Amino acid sequence: MDISIQHGPGNAAARVDLSPGDSIVAEGGAMISMSAGVSITTEARKRGQGGLFGAIKRLASGESFFINTFTAGQSGGSVDLAATLAGDMQAIEMDLSTNLIVQSGSYVCSEPGLKIDLGWTGFKSLFAKEGLFWLNISGSGKLVINSFGAIFPIDIDGEYVVDTGHIVAFDETLDYSLSKAGKSWVSSFLGGEGFVCRFKGTGSVWCQSHNSPGFGKRIGPMLKPR
C-alpha cells in the first residue's frame with residue numbers, strides 16, 4: 001500500500017494505491033473516487049470496537065456514524081479521499097511504541113491493523129469547547145489526518161503551549177493541562193486567546209494554522225438565513 005498527499009497544502013486529498021487484496025478504512029463520506037476493481041463495505045463500527053454503543057460514541061464525537069472499508073481486487077486499485085474543510089493532510093507511519101490522540105473530525109483513513117477508540121477528555125475539553133471526545137489511535141500501520149489550513153508537527157522536549165483550537169493530534173506520551181493564555185482570565189479572553197493547552201514531556205503535537213470555530217464566527221454573520 002502506498003499513500004500520497006496531493007493538491008496540498010490548501011486543498012489536499014489522499015491517494016491510496018492498493019495492492020491486490022489490500023484494504024483501507026476511511027471515515028464515512030471521505031471518498032472522492034475509486035478504481036472500478038475496488039469494493040466497498042460499510043459498517044456502523046470497526047470490528048471489535050464496542051458494538052452499537054461504540055458507533056453511538058463515534059456519532060457524538062463528531063465523527064461519521066459509518067466507516068467504509070475499501071478492498072482492492074485481483075488487479076489492485078486506488079482510492080482518493082478528502083476531508084470536509086479545506087486544508088492539508090499528513091500521512092503518519094505508526095508503530096507499537098506510542099499512541100496518538102487525534103481530535104474529532106481530523107481522522108481521514110487508516111490501515112485495518114490500527115485500533116481506533118474514543119477517549120473521554122472530561123471537563124478540560126468541555127470548558128475549551130473543543131468537543132467531548134478524542135480518538136485514541138494505537139497499533140502499527142499508516143494513518144492519514146487532516147487539518148483546517150496547514151498542518152505541521154512541533155517536537156516537544158520539556159514544556160510547550162498550544163491554543164486549543166489549533167490542536168490536531170498529539171502523542172499520548174505528553175501530559176497536558178488546560179489553562180488561561182494570559183495572566184488573568186479577563187486578559188486571556190479580551191486578547192482573543194482564551195484557553196490553551198500546556199504540554200509537558202517528550203513527544204510531538206500536530207497543529208493546524210486555522211481555527212474552524214473562529215472561522216465559523218467570522219463568516220456566520222455574513223451568511224443569509226434560510
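Visitor: Arg-15 forms a salt bridge with which residue?

Guide: In this predicted model, a search of the whole structure finds two salt bridges, and one of them involves Arg-15. The closest N and O atoms of that pair are 2.3 Å apart, which places the contact within the 4 Å limit used for a salt bridge. The pair links distant parts of the chain, with Arg-15 in strand 2 (residues 13-18) and the other residue in strand 7, 65 residues apart. The partner of Arg-15 is Asp-80.

Visitor: Is Asp-80 buried or exposed?

Guide: The class follows from relative accessible area, since buried means under 20%. On the other side of the salt bridge, Arg-15 has 25% and is therefore partly exposed. Asp-80 has a relative accessible area of 14%, so this residue is buried.

Visitor: What is the N to O distance in the salt bridge of Asp-117 and Lys-115?

Guide: Asp-117 counts as partly exposed at 29% relative accessibility, and Lys-115 is likewise partly exposed, at 42%. Side chains of opposite charge can pair when their charged atoms come close. Here the side chains of Asp-117 and Lys-115 meet with an N to O distance of 3.5 Å.

Visitor: How are the planes of the Phe-170 and Tyr-176 rings arranged: stacked or edge-to-face?

Guide: The structure holds three aromatic pairs, and in one of them the rings of Phe-170 and Tyr-176 have their centres 5.3 Å apart. Phe-170 is buried at 4% relative accessibility, whereas Tyr-176 is partly exposed at 26%. Planes over 60 degrees apart count as edge-to-face, and because the planes of Phe-170 and Tyr-176 stand at 65°, the pair is edge-to-face.

Visitor: Which residue in strand 17 has its ring paired with that of Tyr-176?

Guide: Tyr-176 lies in strand 16 (residues 175-180), and its partner in strand 17 is 23 residues away. The ring centres are 6.2 Å apart and the planes stand at 40°, so this pair is tilted. The partner has 0% relative accessibility and therefore counts as buried. Ring pairs link Phe-170 and Tyr-176 into a cluster with this residue, Phe-199.

Visitor: At what distance does the side chain of Gln-208 reach the backbone oxygen of His-210?

Guide: Gln-208 belongs to strand 17 (residues 195-208) and is buried, because its relative accessible area is 5%. Leaving aside neighbours within four places in sequence, Gln-208 is in contact with residues including Gln-103, Phe-148 and Gly-165. A polar atom of the Gln-208 side chain lies 3.1 Å from the backbone oxygen of Gly-165. The side chain of Gln-208 also reaches the backbone oxygen of His-210, at 3.3 Å.

Visitor: Where in the chain is confidence lowest?

Guide: The chain averages a pLDDT of 80, and 72% of the residues score at least 70. Confidence is highest in strand 7 (residues 77-81), at a mean of 97. At the other end of the range, with a mean of 49, confidence is lowest in helix 2 (residues 122-128).

Visitor: How many contacts beyond four places in sequence does the model have for residues 45-53?

Guide: Throughout residues 45-53 pLDDT stays under 50, as it also does over residues 126-130, for which the model has nine such contacts. Where pLDDT is low, the predicted coordinates should not be read in detail. With that caution, the number of contacts beyond four places in sequence for residues 45-53 is 13.

Methods
Residues are numbered from 1 along each chain as its sequence is written. Side-chain values use heavy atoms; hydrogens and water are left out. pLDDT is the predictor's confidence in each residue, from 0 to 100. Helices (H or I, at least four residues) and strands (E, at least two) are DSSP runs, numbered from the N terminus. Contact means heavy atoms within 4.5 Å. Buried means under 20% relative accessible area, exposed over 50%, partly exposed in between (1.4 Å probe, protein chains only). A polar contact is a pair of N or O atoms within 3.5 Å; within protein, one must be able to donate a hydrogen and the other to accept it, and residues adjacent in sequence count only if both atoms are side-chain atoms. Rings of Phe, Tyr and Trp (its six-membered ring) pair if their centres lie within 6.5 Å; planes under 30 degrees apart count as stacked, over 60 as edge-to-face and the rest as tilted.
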